Structures are given as structure tokens and as C-alpha cells.
Amino acid sequence: MRKSVEVLKESIKGEVLLNEPLFKHCSFKIGGPAEVLVKPYDVYDLQTALSWAKRNKMPVFVMGNGTNVIFSDSGVAGVVIKLSEGFSYLEFSGTEALVQAGFPIQGLLEEAMKRGLGGMEFAWGIPGAVGGSIVMNAGSNSHFVSTRVNYIDVMDLNGKVFQMKHDELKFDYRYSILQDEELILFDALFNFERRPPEEIGRERDLNLRMRRQKQPISYPCAGSVFKNPPTTYAGRVIEETGCKGLKVGDAQISELHANFIVNLGNATAFDVVSLIRKVQNRVYKQKDLILDLEVKLVGNFEGIELLKKK
Ligand SMILES: Cc1cc2nc3c(=O)[nH]c(=O)nc-3n(C[C@H](O)[C@H](O)[C@H](O)COP(=O)(O)OP(=O)(O)OC[C@H]3O[C@@H](n4cnc5c(N)ncnc54)[C@H](O)[C@@H]3O)c2cc1C
């Protein structure tokens, strides 16, 4: 294995790390090691890493900024591909921006604002990368990143590259078809609208202030744990069932926002997922409602059966 990893290291410009602790790569600060973690520098690196994984019969998991994932305590088998600094090219043309998947969504908004381009003010404060935000169709207050995406460029696990138009992505609330396909989004074309930077700045400040007041952003977490049910808010339901402050180990339902689980220091993935199950049970018993996960569980979570809608 070590020898084979050396071959990969020599063939790409990006980074290759063996047994890399994943807690260092996610906002929850939780998770065991990735068998191999690759940070490709460009599209050729990505192709090389994928063909190496295929040759070695290793599964592949792709991540951006790790702000919507819970990595298991035993880590992740196979190759974790992290699209970050290497994939951060950004180019504006008129009101459009071609941007690579690893570029932070906040950085994209900043650069757009400087050019008097807005329309994505709802996304200020979302801490992911561009790729993750499209895959998750991130958003807030009924506004979604998808409304600003014209097309994306993707690579399949065989290294084949193609384009997908907005309509092919089957966007829905916190959903895109990419969640069900083995495809890697490596860049996207966004469309903005002209807006004075001062106006954008005012809305940014307001949104960031609201987040600071309502969300426990000083603790490691992964944002909202559950999706909102169609007619209510997950946070409200969780609060009504008396779960605020509930703890398993160092994982706690935030006192500030009941749809956030925070890591008080040494929470494990097992703590977090056990707490998720507790909340699901209470909500199901008291409200006859199954709360669906928004966060993605990555790795082995055997032993805890979560409730799922049929
Ligand atoms: C404090 C806090 C606040 C948050 N607030 C919000 C909010 O208001 N609204 C909201 O919607 N979300 C919110 N989130 C969640 C998260 O920031 C978003 O879902 C974000 O868009 C995820 O981006 P990421 O790069 O971190 O993705 P990751 O967590 O790295 O990945 C998320 C999923 O996308 C997949 N993925 C990532 N990149 C790619 C790619 N290039 N190709 C294929 N698949 C890929 C991964 O496999 C994984 O399944 C919040 C999180 C935190 C910690």
C-alpha cells in the first residue's frame, strides 16, 4: 500500500496524505483517519487520483470544506478527495462567474460584491466551498444557491468530463442529483445581478449579525442537522419536544438553536449520531414525525439505526 501511495505522490502535483485524521478537515472537528487523502492541484491530478483509486479497487469520497459532514470515528476507507486550494480559479465575465469547486462560497460573494454583483445575499455566512454548496443546494430563508447556477462541469469516476445544465441537476430543497450519482463537480458557471456594493454590504452585515445571534457558531458543528419538514422548522419541533441542551458525551443539542448539535470539546461521531437518534425518537413519539438528516454521515456507522422516511 505504502509503495503504491508513493507512486501516486510522484504522479501528481497536489498533496497525498496517508492515514490523515479527518477531524482536521471538517467543521465538527470529529472523525478518524482517511486511508488516503488527496488534495488535487488541477483536473489532471483529479483524473490521475481517480484512476489510481480504480486500479487499487478503493472507494472514493469527495469533499469540499467539510462543513456538512460527520466523519465516523473509525475514519473513511479508500480515497478521500478534498477539492480545496488547487481548485480555486475564479473568472468574471459581465454578470457571470466561472468558479472552481474548491473556492469558498464566502470568497465568491466577496469578489462578486467588489464588482457590484449580487443576488446571493442569502448565502452570506454559509461556510462551505462552491462545489459542496451546489451539491447540497445550500441556502436560507427559502433562497437556494441553485437559482444562480447555469451549469456545472463534472468528472465521473473513470475520469470522463462533461457538462450538466441547471435543469439536469434536479435541484430541490437541500438536494441535487449529484447526491445520488458518483460525479465530481469541479467547476460551475454562476449568474449574478447588478447591485450597488453598499446595498449588498448592508444585507451581508444584517445576515451575518442574525447568524451570530441565532446560531452557535463559536462551537464546532455542521450547521443544521435535520432538514425542515414541509410545514414547519426542525429546530422548532426539536425545541417543543424538550431536546434543547440534551447531551450524549460531549455532543449537545445547542441551547441557542435546537437544530444544531455542537461539539463541546471531545465529542465523538458515535456521541453525535446517538444524540441524533435520541432526538428522532422523541420527535417521532411526540409528533409522529420523522426528521430527515441534512448532514451527511461518511464512513462506518454500524450499530446505530437511524429513522428514515419510507
Ligand atoms: C456554522 C454553519 C452554518 C451553516 N449554515 C448553512 C445554511 O445557512 N444553509 C445551508 O444550506 N447550509 C449551511 N451549513 C452547511 C454547509 O455549510 C453547506 O451545506 C455547504 O454548502 C457545504 O459545503 P462544503 O464544501 O463544506 O461541503 P462538504 O461538507 O465537504 O460536503 C457536503 C456533501 O457534498 C459532497 N460534495 C462536496 N463537494 C463536492 C464536489 N465538488 N463534487 C461532488 N460532491 C461534493 C460531499 O460528498 C458531501 O456529500 C452550515 C454549516 C455550518 C458549520
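**View 1. Strands E2 and E5 run side by side in a predicted model.** Strand E2 (residues 33-39) and strand E5 (residues 76-82) pair in the parallel sense, with 4 bridges between them. Here, strands (E, at least two residues) and helices (H or I, at least four) are DSSP runs numbered from the N terminus, and two strands pair if DSSP finds at least two bridges between them. Look for Val38, which stands opposite Ile81 in E5. Ala34 has Val76 in E5 as its bridge partner, and Val36 has Val79, also in E5.

A word on the model before moving on: it is predicted, so local features need pLDDT of at least 70 and side-chain atom pairs count only at pLDDT 80 or more, while totals for chains, interfaces and linings use all residues. Residues are numbered from 1 along each chain as its sequence is written, and side-chain values use heavy atoms, with hydrogens and water left out.

**View 2. Stepping back, E2 and E5 belong to an open sheet of 4 strands.** The strand order is E1-E2-E5-E3, and the pairing is mixed. Strand E1 (15-21) and strand E3 (60-63) are at the edges with a single partner strand each, so each has one side without a neighbour in the sheet. From one strand to the next, the twist averages 30°; axes are lines fitted to C-alpha atoms, for helices over the stretch in contact, and angles run from 0 to 180 degrees between N-to-C directions. E1 and E2 run antiparallel and are joined by 6 bridges; in this pair, Leu17 has Leu37 of E2 as its bridge partner. E3 and E5 run parallel, with 4 bridges joining them. Val62 stands opposite Ile81 in E5.

**View 3. Helix H2 packs on this sheet, and E2 and E5 are well covered.** Helix H2 (residues 43-55) touches E2, E3 and E5, and its direction makes about 170° with that of E5. Contact means heavy atoms within 4.5 Å. As for the strands, 5 of the 7 residues of E2 are buried. E5 has 6 of its 7 residues buried, so it is largely enclosed by the rest of the structure. Buried means under 20% relative accessible area, exposed over 50%, and partly exposed in between (1.4 Å probe, protein chains only).

**View 4. Strands E15, E16 and E17 make an open sheet of 3 strands.** They come in the order E15-E16-E17, with antiparallel pairing. The edges are strand E15 (247-248) and strand E17 (261-263), each pairing on one side only. Between E15 and strand E16 (residues 251-253) there are 2 bridges in the antiparallel sense, and Val248 has Ala251 of E16 as its bridge partner. Helix H7 packs on this sheet, where it touches E15, E16 and E17, and its direction makes about 30° with that of E16.

**View 5. Zooming in on the largest cavity, which holds about 30 Å³ of space.** The count comes to 1 cavity of 30 Å³ or more. On a 1 Å grid over the protein atoms alone, a cavity is a set of points where a 1.4 Å probe fits but cannot get out, and a pocket is an open set with protein on both sides within 12 Å along at least five of seven lines; lining residues have an atom within 4 Å of a point. Grid points are joined across faces, edges and corners, and a volume is the space filled by probe spheres set on the points. Among the residues lining the largest cavity are Leu109, Met120, Trp124, Phe192 and Ile200. Helix H3 (105-114) and strand E8 (117-118) each supply at least two lining residues. By class, the lining has 7 nonpolar, 2 polar and 1 charged residues. Ala, Val, Leu, Ile, Met, Phe, Trp, Tyr, Cys and Pro count as nonpolar, Asp, Glu, Lys and Arg as charged, and the others, Gly among them, as polar.

**View 6. The second largest pocket encloses about 390 Å³ of space.** Of its 18 lining residues, Leu293, Leu297, Leu306, Leu307 and Lys308 lie nearest its centre. Helix H7 (269-287) and strand E18 (296-298) are the elements that give two or more residues to this lining. The lining divides into 8 nonpolar, 3 polar and 7 charged residues.

**View 7. Ile290 sits in the loop between H7 and E18.** Neighbours within four places in sequence aside, Ile290 is in contact with Tyr284, Leu307, Lys308 and Lys309.
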